[in-house]
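Grab a pencil and work through these exercises with the model on screen. Each task comes with a solution in steps, so try it yourself before reading on.

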Amino acid sequence: MSGPKSSSRYIQQAYTTRAVGYTFILGIILSTVYPYFDAVTHGPLILLCLLLPNTLYLFSRLTSVERATAWSEYIDLVFFGLLTTTLHWGMFPLLFILNGVCVSAMLTLGVGFFLRAMAVLCVTVALSAPWTGYQFATNSSVLTALICSLGILAYSGALGSNAFNQRAYLHRTRRELREQKEKIEILASKLSKYLSPQVYRSIFSGERDVRVEASRKQLTVMFSDIVGFTGIADSMTREHLVIWLNEYFNEMSRIAINQYSGTLDKFIGDSIMVFFGDPHSLGEREDALQCVRMAMAMLEKCRDMGVAVRIGIHSGECTVGNFGSDERLEYTIVGAAVNLAARLETSSEAGRILISDATHALIQDEITCEPRGTIRVKGISQEIMTHWVDLPVREPAGVEATAEAQMG
């Protein structure tokens, strides 16, 4: 029973079942002693029979459900053991006790507790028997047998009703949990659009904590932006601009995330920032290769879309992690390496990729580049050696057809 509501429900059902059982216990007592009733001897037993269910109910409210259930069962068994020896109960009352209390113990707390409960009952009978002169009676009065039989049916029915109610409650709880899970999954899917897929997966898998923290790592960072975006935006209606820009971002995102597993950090106006090396890294060299190949694929796609972009890439040590406050966090990277990648992008040209010497050193064995020379960028005192990435040459559409026509 995990919550207060379910615990209260269980306590109430246990009280109802116990009250039914004690009602029949009271009937068995009266049917046993009515020929020779003695107020001094039998009065306290009847009083205890009336008080115990309510007392144990109050006890259940003051402690944990598991502890209250166990101790209540033990108290029941000690009391019934004393009744057995004091009133010299025989077969039918004992069958009622075994069917009621012990079966209830096994259903609520398991076989282990059932065995301990049986031991408590046997020890109670064994210790009190010499004092009361108990002798097991094989015969019981017809009235006692009738009450015991009805009690077994009623108590079994009460236990069955409790089990049915618990099963129905669990079924409703599972359905509600399933509905809540579906709502959470839908909400999580919506929230995932605001996070890089790698970051989203690492958070929901438990690999990454959502707290203010950061670390230093070797990353490769890419910035790209659309050349002449202000003029393009001015020439379009607002609705057309939104559709066109979102289509561009969709295509770039598919390349960055789906094809090359880059971490898409953010969109800044018409600019895109992607980095490689966190939260997962293939190694410093492979991260740089993936980043440059991604940039080449982006330029190829932009040519097809008729969009002119420029790209800058740099590899270096960055501070990466969650930045912000307790109320609002952003997973991003900061540092001089990030600033340099942004400066390289502004120093690049339309349809070209400008990389730093640090990135060139990592990719030069795989990707052909040509030196551009040193440049000075804002915020960095020393000159930066840069390189252009050689791009595949694409023939204009219709070249082959024109050549065939001329040959003909």
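**Exercise 1. Find out how many salt bridges the structure holds.**

Start with the rule: a salt bridge is a side-chain nitrogen of Lys or Arg within 4 Å of a carboxyl oxygen of Asp or Glu. With that rule, the structure holds 16 salt bridges. Keep in mind that this is a predicted model, where local features need pLDDT of at least 70, side-chain atom pairs count only at pLDDT 80 or more, and totals for chains, interfaces and linings use all residues. Residues are numbered from 1 along each chain as its sequence is written, and side-chain values use heavy atoms, with hydrogens and water left out.

**Exercise 2. Take the salt bridge of K266 with D265 and work out whether each partner is buried or exposed.**

Step one is the distance: the closest N and O atoms of K266 and D265 are 2.4 Å apart. Step two is the scale: buried means under 20% relative accessible area, exposed over 50%, and partly exposed in between (1.4 Å probe, protein chains only). Step three is to apply the scale. D265 has 12% relative accessibility, so it counts as buried. K266 has 23%, so it counts as partly exposed.

**Exercise 3. Look at E286 and say which residues belong to its salt-bridge network.**

First, pair E286 with R293: their closest N and O atoms are 3.8 Å apart. Next, check accessibility: E286 is partly exposed at 26%, and R293 is partly exposed at 28%. Finally, widen the view: R285, E286, R293 and E366 are linked in a network of salt bridges.

**Exercise 4. Count the aromatic pairs, then classify Y15 with Y57.**

Rings of Phe, Tyr and Trp (its six-membered ring) pair if their centres lie within 6.5 Å; planes under 30 degrees apart count as stacked, over 60 as edge-to-face and the rest as tilted. The count comes to eight aromatic pairs. For Y15 and Y57, the centres are 4.7 Å apart and the planes stand at 50 degrees, so this pair is tilted. Now place the partners: Y15 is in helix 1 (residues 4-33) and Y57 in helix 2 (residues 39-62), 42 residues apart. Helices here are DSSP runs (H or I, at least four residues), numbered from the N terminus.

**Exercise 5. Do the same for Y22 and F79.**

Their ring centres are 6.2 Å apart with 10 degrees between the planes, and the pair is stacked. Y22 lies in helix 1 and F79 in helix 3 (residues 65-86), so the pair ties together parts 57 residues apart in sequence. Y22 is buried at 4%, and F79 is buried at 6%. To finish, add F80: Y22, F79 and F80 form one aromatic cluster.

Notes:
Helix = DSSP H or I, 4+ residues; strand = E, 2+ residues; numbered from the N terminus.
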